2 protein chains.
Amino acid sequence: MSATPPFAADTALPSVAGLPAPAFSPLYQQIKGLILQSLQAGEWKPGEAIPSEMDLAARFGVSQGTVRKAIDELAGENLLLRRQGKGTFVSTHAEQQVQYRFLRLMPDSGDATTEGPAERRVIDCRSVRANAEVARALGLRAGESVIQARRVLSFQGEPTILEDLWLPGSAFKGLTALQMSDYPGPTYAMLELEFGVRMVRADEKIRAVLPDAEQASLLQVTEQTPLLSVVRTSYTYNDAPMELRRGLYRTDRHHYRNALG
Amino acid sequence: MSATPPFAADTALPSVAGLPAPAFSPLYQQIKGLILQSLQAGEWKPGEAIPSEMDLAARFGVSQGTVRKAIDELAGENLLLRRQGKGTFVSTHAEQQVQYRFLRLMPDSGDATTEGPAERRVIDCRSVRANAEVARALGLRAGESVIQARRVLSFQGEPTILEDLWLPGSAFKGLTALQMSDYPGPTYAMLELEFGVRMVRADEKIRAVLPDAEQASLLQVTEQTPLLSVVRTSYTYNDAPMELRRGLYRTDRHHYRNALG
DNA sequence: GAGTGGTCTAGACCACGCG
DNA sequence: GCGTGGTCTAGACCACTCA
């Protein structure tokens, strides 16, 4: 029971010259926003169930159908996971059926399960000052503290991915090389667990490049071997960038897979 | 008015040993299937409006809400396009706001609109016999007739993409180099218009490679320039493969963009 | 059997596009 | 002002999970 709808739909806001009217916000979008706030505030932790649709409907003072539509959208964005008969759960990078949610590199033959998990070797992990590029990508000022790490992922004993990554120092203070290498499972799952930061979506820019001498050596290829450069920016709930990652992928036994709708 | 629901939900089909029960098919999924059939049969052409939700509800003998949910899914798969106040339309590669629906290559600065349309140069277009690889990708037998084409796309005067593509000869009989070069707009739109074949989704496998001498010459780069190899298989409504395309992308002024959800 | 999400319906009203 | 898709409600019943 209880409350009245959070806001009246703003059907008649003043319109701005030159721009289309500010648009009207349906109830279920407002409910979606409220659920998003609770997710962001950590009211429900990754992997946990959120309240049932009926409970949320009562809490927000709307019908079940309206809550349902809000949850539908959040589930479509992979922020929530519905399980019939059990409840609706906060998405997590752990306990994912697919091992790595953001990694699109696939073995040429077989699939990720036949290949087994990656072996990780952390080469470097330390706190540095952000240069201009890193600062821009993470929404920081140049010179602010960031954690920089480098590691090599190997599949079936063959070094395949060289990753450099940068995380804002403020959110990940105290991250160690040990955490980066010892956590069993995706690094994003470790960041959720240890720092409460959940990466929710990401953008990638892909190029073909040649490695420098050090990169080639780490991947055990020649400097004439073309590699995929994958620059990823990952975002948390409020669309704030929380990670910059640059991967160099060997594509002699793997390929980057993409589905176009 | 009219008909009874197309099928009773098959709640109690015999279950197969070792497999989970055959599942139950909600009404809206059946409606979705019927709409899909009409699309595939060409009852409504790309760009045209399909009947209103009320009309379809009457035609199928279900409620508007059920038709709505079926259409929602088809719109989510980009097969239909909803426009409030106007109707629901069959998606098309023409009149797309984004010029190229399947092309993920973006200029490093600015966007596709600032860059202007690509200039196309068709180098080759002829009928050949499918080799084993092409036959497998297109679901043909080796030796069957396929149309093979090669072309270069240039942006702002700079050759950027070299494409080889293969189309099943049966569906595209009579395709000429002239059609490939003269049609203003996406090639996929031309194939819709001239052959009634609509590419609905695609898969891409991406690698970093070095070009051979001929490829390098066509793209005006050296043989030591790393390029993106993008092998795309495109599918029509019934998930039948209808095109194999291999692109070599220069990534010195462009990058392949991907969003991860 | 109780509780969850999933489907389906019927009806009311709203926003949008267009003649 | 009409027809379209879009929102919201209320209620019934179904499928799934787990105790």
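**Exercise 1. The surface near DNA strand D**

Task: Sort the surface near DNA strand D by residue class, then work out which parts of the protein form it.

Solution: Let's begin with the classes: the surface near DNA strand D has 5 nonpolar, 10 polar and 7 charged residues. Keep in mind as you work that this is a predicted model.

Step 1. In total, 22 residues surround the strand, and the closest are L27(A), S63(A), T66(A), K69(A) and R82(B).

Step 2. Next, look at what the protein meets on the DNA side. Sugar or phosphate accounts for 83% of the atoms of DNA strand D within 4 Å of the protein, and bases supply the rest.

Step 3. Now pick out individual polar pairs. S63(A) places a polar side-chain atom 2.7 Å from a phosphate oxygen of DNA strand D. From chain B, the side chain of R68(B) has an N or O atom 3.0 Å from a phosphate oxygen of the strand. A base is reached too: a side-chain N or O atom of Q84(A) is 3.0 Å from a base nitrogen of DNA strand D.

Step 4. Finally, assign elements. Two or more residues each come from α1 (27-41) and α3 (64-76) of chain A, and from β1 (80-83) and β2 (87-90) of chain B.

**Exercise 2. Helix α7 of chain B**

Task: Decide why helix α7 (residues 187-195) of chain B can be called largely enclosed, and find what surrounds its buried residues.

Solution: Step 1. Count the burial, where buried means under 20% relative accessible area. In α7(B), the buried residues are T187(B), Y188(B), A189(B), M190(B), L191(B), E192(B) and F195(B).

Step 2. That is 7 of the 9 residues, so the helix is largely enclosed by the rest of the structure.

Step 3. Find the packing partners, which lie in chain B: the strands β4 (119-129), β5 (145-155), β6 (158-168), β8 (227-235) and β9 (241-249), along with helix α6 (177-182).

Step 4. Check the helix end: G196(B), just after α7(B), has a positive phi of about 70 degrees.

**Exercise 3. K86 of chain A**

Task: Is K86(A) buried or exposed, and where does it sit?

Solution: Step 1. K86(A) belongs to the loop between β2 (80-83) and β3 (87-90) of chain A.

Step 2. Its relative accessibility is 59%, so K86(A) counts as exposed.

Step 3. For a sense of distance, take T233(A): 147 residues separate it from K86(A) in sequence, and the C-alpha atoms are 33 Å apart.

**Exercise 4. Relating the two chains**

Task: Which rotation superposes chain A on chain B?

Solution: Step 1. The superposition needs a rotation of 180 degrees with 0.0 Å of shift along its axis, giving an RMSD of 0.0 Å.

Step 2. The two copies are therefore related as by a two-fold rotation axis.

Step 3. Both copies use the same surface, since 100% of the contact residues of chain A recur in chain B.

Methods: Residues are numbered from 1 along each chain as its sequence is written. Chains are lettered from A and ligands numbered from 1 in the order in which they are written. This is a predicted model: local features need pLDDT of at least 70, side-chain atom pairs count only at pLDDT 80 or more; totals for chains, interfaces and linings use all residues. Side-chain values use heavy atoms; hydrogens and water are left out. Buried means under 20% relative accessible area, exposed over 50%, partly exposed in between (1.4 Å probe, protein chains only). Helices (H or I, at least four residues) and strands (E, at least two) are DSSP runs, numbered from the N terminus. Contact means heavy atoms within 4.5 Å. A residue is near a molecule or strand if one of its heavy atoms lies within 4 Å of it. A polar contact is a pair of N or O atoms within 3.5 Å; within protein, one must be able to donate a hydrogen and the other to accept it, and residues adjacent in sequence count only if both atoms are side-chain atoms. Ala, Val, Leu, Ile, Met, Phe, Trp, Tyr, Cys and Pro count as nonpolar, Asp, Glu, Lys and Arg as charged, and the others, Gly among them, as polar. Copies are superposed by least squares on the C-alpha atoms of residues with pLDDT of at least 70 in both.
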